[in-house]
Amino acid sequence: MPESYQGRRRKAKGGDFRMDPEWRTLDFATITDVESELMTERPTLQDVYEARRRIAPYVVRTPLHRYLSLDELLEAEVYVKHENHQRLGAFKVRGGVNLLSQMSDEDKSRGVISASTGNHGQSIAYAGSLFGAKAIIAVPEGANPGKVDAIRGLGAQVLFHGHAYEDSRKHAERLGKKEGYRYIDAANEPMLIAGVATYSLEIVEELPDVDVIIVPVGGGSGACGACIVSKAVNPSIQVIGVQAEKAPAAYRSWKEGRIVEAPMETSAEGLATRMGYELAQDILGQLLDDFVLVSEDGMDQAVVLHLEKTHNLMEHAGAASLAAAVKIKERLRGKKVVLVASGGNISLTHLRDVLDQTPT
Ligand SMILES: Cc1ncc(COP(=O)(O)O)c(C=O)c1O
């Protein structure tokens with residue numbers, strides 16, 4: 001594995017790396033030679049524009065709606081980026097289509113393998129069917145049955161393996177090596193990041209004076225995309241990541257400036273990672289403005305708030321941006337805020353549980 005960006009930066013600075021605020025707000029013009037080495041792996045704004053052209057026939061431009069009911073709740077100007085209305089119900093499809101559209105015929109004929117808690121798997125399955133690659137998706141036991149059915153329905157083979165996403169991920173990587181399939185990592189893939197970044201392009205085109213974009217984080221591809229686009233277009237846009245208190249690995253990795261493992265017990269499938277991922281953390285370490293954690297209760301309430309105030313069905317990861325906004329309301333007062341509603345594929349069982357706990 002290549003030495004990490006932060007490791008190289010530590011050497012370049014000849015000292016210990018700290019997540020100092022000054023570093024987080026450095027712009028592209030200040031990047032040194034050592035740092036620019038990794039830029040070749042990182043998607044650029046140009047990559048995002050190219051991704052948009054490629055994926056346009058297969059995805060939709062999702063609505064960015066303002067809700068006065070959320071304005072009132074948060075005392076801010078609040079918009080929701082509706083990736084829950086994206087094809088397959090989540091933003092991930094943008095990444096899979098971009099990656100597979102550029103894959104060599106040789107890789108496609110070998111077949112692809114990846115691991116997922118559901119939405120990324122649907123994206124790879126769909127893209128595999130579009131571009132003629134056999135797809136295998138490893139999922140944790142107990143994965144959302146609706147998502148598993150959808151992966152199968154899109155023509156991919158599903159392998160259940162392990163209790164957590166990382167178990168399935170290791171299995172997929174091993175099997176890829178053994179059988180010669182092209183392994184697709186859900187976080188460490190520049191083409192996935194460039195693809196998912198296209199929703200952020202839509203945000204800044206429609207709302208160039210947005211102050212804050214709040215993005216749910218699992219591996220971090222969506223948040224990387226939001227950072228790459230918004231910092232290139234207008235560095236004063238603040239990007240805030242959200243993860244679950246019960247799955248804080250990406251958050252802790254970002255805070256500590258190194259890859260960290262952490263317990264994973266959240267019910268929000270999309271946020272359920274047990275470690276930080278190299279490429280995503282390299283990008284977030286430099287460009288993400290802040291990161292907050294939300295509780296399981298906070299996400300339950302946000303699922304219900306979406307039903308009540310926006311009349312939209314969200315999965316917990318998709319509602320996490322609203323949960324975070326409620327938590328940091330004081331900081332958002334009077335600002336233009338976009339909540340990324342990253343997906344709506346909640347299982348009926350999970351929805352029933354949430355509604356059963358809600359006082360009527
Ligand atoms: C609905 C939803 N939101 C957020 C995420 C987190 O995305 P990322 O891994 O790009 O951080 C996922 C990941 O699968 C997801 O499905």
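Val-139 stands opposite Phe-160 of strand 5 in this predicted model. Their strands belong together: strand 4, residues 135-139, runs parallel to strand 5 and is joined to it by 4 bridges. Both sit in an open sheet of 4 strands. The order is 5-4-3-6, and the pairing is parallel. Strand 5 (157-160) and strand 6 (182-184) stand at the edges. Each has a single partner strand, so one side of each is left without a neighbour in the sheet. Neighbouring strands here are turned by 25° against each other on average, direction ignored. Helix 10, residues 165-179, packs on this sheet. Helix 10 touches strand 3 (112-115), strand 4 and strand 6. The direction of helix 10 makes about 160° with that of strand 3.

Now take the other sheet. This open sheet has 6 strands in the order 1-2-10-7-8-9, with mixed pairing. At its edges stand strand 1 (64-66) and strand 9 (290-294). Because each of these has a single partner strand, one side of each is left without a neighbour in the sheet. The twist averages 25° from one strand to the next. Within the sheet, strand 2 (residues 77-82) pairs with strand 10 (residues 336-341) in the parallel sense, over 6 bridges. His-82 has Ala-341 of strand 10 as its bridge partner. Helix 13 packs on the sheet. Strand 7 (212-216), strand 8 (238-244) and strand 10 are touched by helix 13. Its direction makes about 160° with that of strand 7.

Helix 13 leads on to the ligand. Which helix gives the most to the shell around the ligand? Helix 13 does, with 3 residues. Helix 8 (119-131), helix 13 (221-233) and helix 17 (316-327) each supply at least two residues of that shell. There are 21 residues around the ligand. Those that come nearest are Gly-218, Ser-221, Gly-270, Ser-342 and Gly-343. By class, the shell has 12 polar, 7 nonpolar and 2 charged residues. Two domains contribute to the shell. Domain 1 (5-90 + 192-356) and domain 2 (93-186) each give at least three residues.

Last comes confidence. The protein chain averages a pLDDT of 90, and 89% of the residues score at least 70. Over residues 1-40, however, the pLDDT is below 50. Beyond near neighbours in sequence, this stretch has 32 contacts in the model.

Notes. Residues are numbered from 1 along each chain as its sequence is written. This is a predicted model: local features need pLDDT of at least 70, side-chain atom pairs count only at pLDDT 80 or more; totals for chains, interfaces and linings use all residues. pLDDT is the predictor's confidence in each residue, from 0 to 100. Two residues are in contact if their C-beta atoms, placed from the backbone, lie within 7 Å. A residue is near a molecule or strand if its C-beta atom, placed from the backbone, lies within 6 Å of it. Ala, Val, Leu, Ile, Met, Phe, Trp, Tyr, Cys and Pro count as nonpolar, Asp, Glu, Lys and Arg as charged, and the others, Gly among them, as polar. Domain bounds come from an automatic or database domain assignment. Two strands pair if DSSP finds at least two bridges between them. Axes are lines fitted to C-alpha atoms, for helices over the stretch in contact, and angles run from 0 to 180 degrees between N-to-C directions.
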